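Q: I'd like to learn how to read charged pairs in a protein model. Could you walk me through it?

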Amino acid sequence: MRNRIEKSFVVFALLFFSDAVLALLQNPDRDPDFDGMATNPVRTAVVLSVYLLLLAFGLLKSRAIIDALRHSKLLLSLLALSVASASWSSDPAVSAKRAVLLLATTLFGIYFAVRFEPFEQLKLLSLTMGISIVASIVFALGIPAYGIQDDIDGAWRGIRGIFGQKNQFGKIAVLSVFVFSFMSRQ
């Protein structure tokens, strides 16, 4: 049971980190230049939930995570640089917040690497990509206000599906080609 919950969390977190989840929590008629970092209570609740679950599952693998970090001095150096950069930033509060988010996202990547074997990672990525592509098509056809990105003058600019904009959908679509290609070789 725990294994299923953990895998479900990972798929949700991968969707979250690809910005698929947050786009659904926003008004579809918003400004196309909307700042995704703006304060939104629902967004904040989702972010906190993901990171709290990450902390809980990460604690179960804390020894393996610490060992991985111990062998990743370059990664630790880059993370330290991102945290230190807040001290010379023009907006230290925003830089510090983003550095903490980078630390947490990196922790997720390390947790994902130490928790799952490569084939399991590939299966979870395939599931995530499949959900992303199918949900994007369903949203584009079923709820065009969310699924299709219009220009300011009303011209159609492309399918964005469950993502904030069409370029994010395009990145996931390209990544899914590689993931599905690797999965088909297994």
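A: Let's go through the salt bridges one at a time, then finish with a buried residue. Keep in mind that this is a predicted model.

Q: How many salt bridges does the structure hold?
A: Here's the general idea: side chains of opposite charge can pair when their charged atoms come close. In this structure there are four salt bridges.

Q: Okay, let's start with Glu6 and Arg2. Where do Glu6 and Arg2 lie?
A: You'll find both of them in helix 1, which covers residues 2-17. They sit four residues apart, and that is about one turn of the helix. Their side chains meet in a salt bridge, at 3.7 Å from N to O.

Q: Is Glu6 buried or exposed?
A: The cut-off to remember is that buried means under 20% relative accessible area. Glu6 has a value of 0%, so Glu6 is buried. Arg2 comes out at 48%, so Arg2 counts as partly exposed.

Q: Which side chain meets Glu6 in the salt bridge of 3.1 Å?
A: That's Arg115, and the 3.1 Å again runs from N to O. This pair links distant parts of the chain: Arg115 belongs to helix 6 (residues 92-115) and Glu6 to helix 1, 109 residues apart. As for Arg115 itself, its relative accessibility is 16%, so Arg115 counts as buried.

Q: And what does Lys7 form with Glu120?
A: Another salt bridge, with the closest N and O atoms 3.5 Å apart. Lys7 is in helix 1 while Glu120 is in helix 7 (residues 118-142), so this pair ties together parts that are 113 residues apart in sequence. Lys7 is partly exposed, with a relative accessible area of 25%. Glu120 is partly exposed too, with 23%.

Q: Which residues do salt bridges that share partners join into one network?
A: Look for a residue that turns up in more than one pair. Arg2, Glu6 and Arg115 are joined into one network this way. Glu6 is the shared partner here, since the side chain of Glu6 meets Arg2 and also meets Arg115, and a salt bridge is defined pair by pair.

Q: Now for that last residue. Where is Thr128 found, and what does Thr128 touch?
A: Thr128 is found in helix 7. Leaving aside residues up to four places away in sequence, Thr128 touches Val11, Leu14 and Leu15.

Q: Is Thr128 buried or exposed?
A: Use the cut-off from before: with a relative accessible area of 2%, Thr128 is buried.

Terms used:
Residues are numbered from 1 along each chain as its sequence is written. This is a predicted model: local features need pLDDT of at least 70, side-chain atom pairs count only at pLDDT 80 or more; totals for chains, interfaces and linings use all residues. Side-chain values use heavy atoms; hydrogens and water are left out. Helices (H or I, at least four residues) and strands (E, at least two) are DSSP runs, numbered from the N terminus. Buried means under 20% relative accessible area, exposed over 50%, partly exposed in between (1.4 Å probe, protein chains only). Contact means heavy atoms within 4.5 Å.
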